[in-house]
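Here is a short briefing for a reader who is new to this structure. Keep the sequence and the 3D view open while reading.

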Amino acid sequence: DYQRILFHDCKDFIETSPEKPAEKNLEKNERSAAEIEVWMEKRQPTILAINDLETQAMKFMNNGDLPAAVETLASAEKTLDEASTKLPDELMVQNLRGYHHKNLAILYQKAERPLKKEVELEKAENAFQKVISVRPSDASALNGMGSVSILRGELDAAKDFIGQALKIDPTYPEARHDRALIDKIELERARDAAPPQ
């Protein structure tokens, strides 16, 4: 998801006409390769650092090492705060923040801390909504909203958000995974609700 966010932000940057005529290829009305490289170099290290920390935290979480997951997510939050200072108006940072808080919500769910889980889901939702309000067709933010809805047990809302993400990008692996997860949860609920045979 983190690489997808970077890719889509880069695509939007390339397709948005630059402010200064000197920065664009006048024949094609596009940004120059040098300008794109500079833009990417400002963002890619941040994305990769956050991605590495979030991935590591999820591994700790899946292995049952919640203290190590908490410590790693704290490092990720520090990196996100630095990114917010360096790139204050970037939607990319909002998307990353949304996924970070979603991961914290998963951690609190595993630790059986429902109030803290809901606080993190609220933060994730706010971050994703900021992105969607500016860029309604952002598949990453829509899928993030779907993940938040799954964690709240709101499967109809989750289906809607994830369905929108898949409509934008039918090959989106995380959205396809989340859609399959909803099907699994619904199957389990139906089985639990069925009368004993």
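The points below go topic by topic, from the core to single residues.

The model is a predicted one. Its largest nonpolar core has 32 residues. A search of the whole structure finds eight salt bridges and one aromatic pair. The largest pocket holds about 580 Å³ of space.

**The nonpolar core**

- In soluble globular proteins, nonpolar side chains tend to be buried together.
- Three of the 32 residues in the largest nonpolar core touch the most other members: Met61, Phe128 and Tyr172.
- Seven helices each supply at least two residues of this core: H2, H3, H4, H5, H6, H7 and H8.
- Helix H7 covers residues 155-168.
- H6 provides the largest share of this core, with seven residues.

**The aromatic pair**

- A pair of aromatic rings is described by the distance of the centres and the angle of the planes.
- Which residues form the one pair that was found, and how do their planes lie? The rings belong to Tyr99 and Phe128, and their centres are 4.9 Å apart. Their planes stand at 75°, so the pair is edge-to-face.
- Tyr99 sits in helix H4 and Phe128 in helix H5. The two are 29 residues apart, so the pair links distant parts of the chain.
- Both Tyr99 and Phe128 are buried.
- Phe128 also appears among the core residues that touch the most other members.

**Salt bridge between H3 and H4**

- Side chains of opposite charge can pair when their charged atoms come close.
- Asp81 and Arg97 form a salt bridge, with the closest N and O atoms 3.1 Å apart.
- This pair links distant parts of the chain, 16 residues apart. Asp81 is in helix H3 (residues 66-86), and Arg97 is in helix H4.
- Are these two partners buried or exposed? Asp81 is partly exposed, with a relative accessible area of 39%. Arg97 is buried, with a relative accessible area of 14%.

**Salt bridges between H5 and H6**

- Glu118 forms a salt bridge with Arg152, and the closest N and O atoms are 2.9 Å apart.
- Glu118 lies in helix H5 and Arg152 in helix H6 (residues 139-152), so this bridge ties together parts that are 34 residues apart in sequence.
- Arg152 also meets Glu122 in a salt bridge, at 3.5 Å from N to O.
- That second pair links H6, which holds Arg152, to H5, which holds Glu122. The two residues are 30 residues apart.
- Salt bridges that share partners join Glu118, Glu122, Glu125 and Arg152 into one network.
- Glu118 is partly exposed, at 34% relative accessibility. Glu122 is partly exposed at 38%. Arg152 is partly exposed at 24%.

**The largest pocket**

- Rolling a probe the size of a water molecule over the atoms shows where empty space is left.
- The lining of the largest pocket has 22 residues. Nearest the centre lie Met58, Lys102, Asn103, Ile106 and Asp178.
- Which elements give two or more residues to this lining? They are helix H2 (33-62), H4, H6 and helix H8 (173-193).
- H4 gives the most to the lining of the largest pocket, with six residues.
- By type, the lining divides into eight nonpolar, eight polar and six charged residues.

**Glu112, in a loop**

- Most residues other than glycine have a negative phi, and most peptide bonds are trans.
- Glu112 is not a glycine, yet its phi is positive, at about 60°.
- Where does Glu112 lie? Glu112 is in the loop between helix H4 (91-110) and helix H5 (114-134).
- Glu112 counts as exposed, at 67% relative accessibility.

**Lys11, in the first listed helix**

- Lys11 is part of helix H1, which covers residues 2-15.
- Lys11 is partly exposed, with a relative accessible area of 35%.
- Lys11 and Ile36 are 25 residues apart in sequence. In space, their C-alpha atoms are 9.8 Å apart.

Notes
Residues numbered from 1 in each chain as written. Predicted model: local features only at pLDDT ≥ 70, side-chain atom pairs only at ≥ 80, totals over all residues. Heavy atoms only, no water. Helix = DSSP H or I, 4+ residues; strand = E, 2+ residues; numbered from the N terminus. Buried < 20%, exposed > 50% of the residue type's maximum accessible area, 1.4 Å probe, protein only. Salt bridge = Lys/Arg side-chain N within 4 Å of Asp/Glu carboxyl O. 1 Å grid on protein atoms, 1.4 Å probe; cavity = no way out; pocket = protein on both sides within 12 Å on 5 of 7 lines; lining within 4 Å. Points joined across faces, edges and corners; volume = space filled by probe spheres on them. Nonpolar A, V, L, I, M, F, W, Y, C, P; charged D, E, K, R; others polar. Phe/Tyr/Trp six-rings, centres within 6.5 Å; stacked < 30°, edge-to-face > 60°. Core = buried A, V, L, I, M, F, W, Y, C linked by side-chain atoms within 4.5 Å.
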